[in-house]
Amino acid sequence: MKALVMTGKQEMKMEERDIPTPKDNEVLIETAYAGICGTDDALFNGLPGSADAVPPIVLGHENSGVVKAVGKNVTEFKEGDRVSVDPNIYCGHCFYCHTGLFEECENLSAVGVTRDGGLEQYFTAPDTVVYRIPDAVSLKAACSMEPISCGVHTMHIMENIQPHMSALIIGDGFMAKLFAQLLRAYGIRNITMTGRHDDLLAKEQKELKLTHVVNTTKEEIPGDYDIVIEAVGKPETQEAAVRHTNNGAQVFMFGVGEPGQTFSMNTYEIFKKQLTVKGSMINPNSFEDTLALLETGAVEVEPYQANTISLDQVEDVLNKTTPMTGKTVVAVNPNLK
């Protein structure tokens with residue numbers, strides 16, 4: 001089989017490998033689609049993701065495919081099942097696992113980060129992180145279950161969500177578009193999104209039923225909000241997220257900055273407004289809700305998967321030889337249905 005192996009920092013090599021054999025509690029999956037995201041870009045450039053990726057490793061933590069074989073102890077799956085994989089594997093025995101904060105697991109491993117992932121024709125995963133997908137959900141859509149589930153986790157850690165609340169999404173990339181749909185699915189109707197291009201913002205306002213859009217290259221963000229989701233990861237946007245808040249607001253720092261990056265906050269303002277400022281790390285216990293949102297159409301993802309490429313184009317995309325904007329997915333075997 002073909003496997004695109006990250007052999008070092010900013011280095012990849014296409015290799016021919018044997019199809020892996022699933023262990024007793026594992027599932028062998030033929031990859032249909034694999035998503036490329038900011039984490040893959042970071043790992044390719046030697047930066048950490050949810051964990052460190054040590055070469056040689058096959059990236060690809062956003063995956064969908066079809067079960068080809070199962071280990072002898074696997075009873076929930078069979079050959080031919082259409083599946084997606086939650087890449088994050090928790091140890092179950094550290095302090096954080098024992099206290100329910102699984103996303104902070106001290107021994108976290110992940111498909112496509114610490115073990116080979118979907119940028120190869122076949123990969124294995126523990127049966128505990130494999131999810132059968134409904135007939136109504138395409139394999140192409142299902143490869144984006146992981147990023148949707150990360151957004152769902154943010155919704156899970158929000159407190160006391162009420163329909164009257166106003167929400168601000170800073171950024172209009174792939175995750176911002178998902179958040180617009182998630183906020184609406186969870187009952188929020190007054191949603192403002194920021195971006196940098198009038199034509200795209202106008203399109204997004206119509207498609208996503210946004211209350212307002214703001215081009216931050218031309219105008220200031222108007223007013224303050226009850227929920228603010230920062231989906232860019234830059235100091236200036238993080239500072240704006242805290243600044244544009246109502247009393248009692250919740251701010252979620254979803255955009256990932258570089259290690260060592262900092263931003264400034266007015267501590268008196270946090271005290272006076274009684275703000276809650278939270279990070280949002282990966283996606284524990286979020287795949288079932290993600291499946292429901294996709295199956296019912298409350299969240300649509302395929303319209304925002306902007307680019308579809310082949311396995312041999314991945315390195316050029318990651319090293320910016322072939323720059324692409326918007327969400328990119330890799331059609332490893334698009335003939336799978």
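## Aromatic pairs, helix α5 and the nonpolar cores

The count of aromatic pairs comes to five in this predicted model. Two of them are set out here.

| Pair | Geometry | Centre to centre | Angle between planes |
|---|---|---|---|
| Tyr90 and Phe102 | tilted | 5.8 Å | 45° |
| Tyr268 and Phe271 | tilted | 5.5 Å | 55° |

Tyr90 and Phe102 link distant parts of the chain, 12 residues apart. Tyr90 sits in the loop between β6 (88-89) and α2 (95-98). Phe102 sits in the loop between α2 and β7 (109-110). Are these rings buried or exposed? Tyr90 has 22% relative accessibility, so it counts as partly exposed. Phe102 has 25% and therefore also counts as partly exposed.

Tyr268 and Phe271 both belong to helix α8 (residues 267-273). They are three residues apart, about one turn of the helix. Tyr268 is exposed, and Phe271 is exposed too.

**Helix α5**

Helix α5 covers residues 174-185. Why does its length agree with expectation? At 1.5 Å a residue, its 12 residues should span 16 Å, and the end C-alpha atoms are 17 Å apart, which agrees. After α5 comes Gly187, with a positive phi near 105°.

The helix is mostly covered, with 10 of its 12 residues buried. The buried residues are Phe174, Met175, Ala176, Lys177, Leu178, Phe179, Ala180, Gln181, Leu182 and Leu183. What do they pack against? Their helical partners are α4 (145-157), α6 (198-208) and α9 (287-296). Their strand partners are β10 (166-170), β11 (190-195) and β13 (225-230).

**Nonpolar cores**

The largest nonpolar core has 47 residues. Which of its residues have the most contacts inside it? They are Ile169, Leu183 and Ile227. Helix α5 gives this core its largest share, eight residues.

Leu183, one of the buried residues of α5, shows how the helix is held among its surroundings. Leaving aside neighbours within four places in sequence, Leu183 is in contact with Met155, Met158, Ala167 and Ile169. Leu183 also contacts Ile188, Ile191, Ile227 and Ile229. Ile169 and Ile227 thus appear on both lists: they are contacts of Leu183 and are among the residues with the most contacts inside the core.

A second core is separate from this one and has 24 residues. Its members include Ala3, Ile57, Val58 and Val113.

Terms used. Residues are numbered from 1 along each chain as its sequence is written. This is a predicted model: local features need pLDDT of at least 70, side-chain atom pairs count only at pLDDT 80 or more; totals for chains, interfaces and linings use all residues. Side-chain values use heavy atoms; hydrogens and water are left out. Helices (H or I, at least four residues) and strands (E, at least two) are DSSP runs, numbered from the N terminus. The expected span of a helix is 1.5 Å times one less than its number of residues. Buried means under 20% relative accessible area, exposed over 50%, partly exposed in between (1.4 Å probe, protein chains only). Contact means heavy atoms within 4.5 Å. Rings of Phe, Tyr and Trp (its six-membered ring) pair if their centres lie within 6.5 Å; planes under 30 degrees apart count as stacked, over 60 as edge-to-face and the rest as tilted. A nonpolar core is a set of buried Ala, Val, Leu, Ile, Met, Phe, Trp, Tyr and Cys residues joined through side-chain atoms within 4.5 Å.
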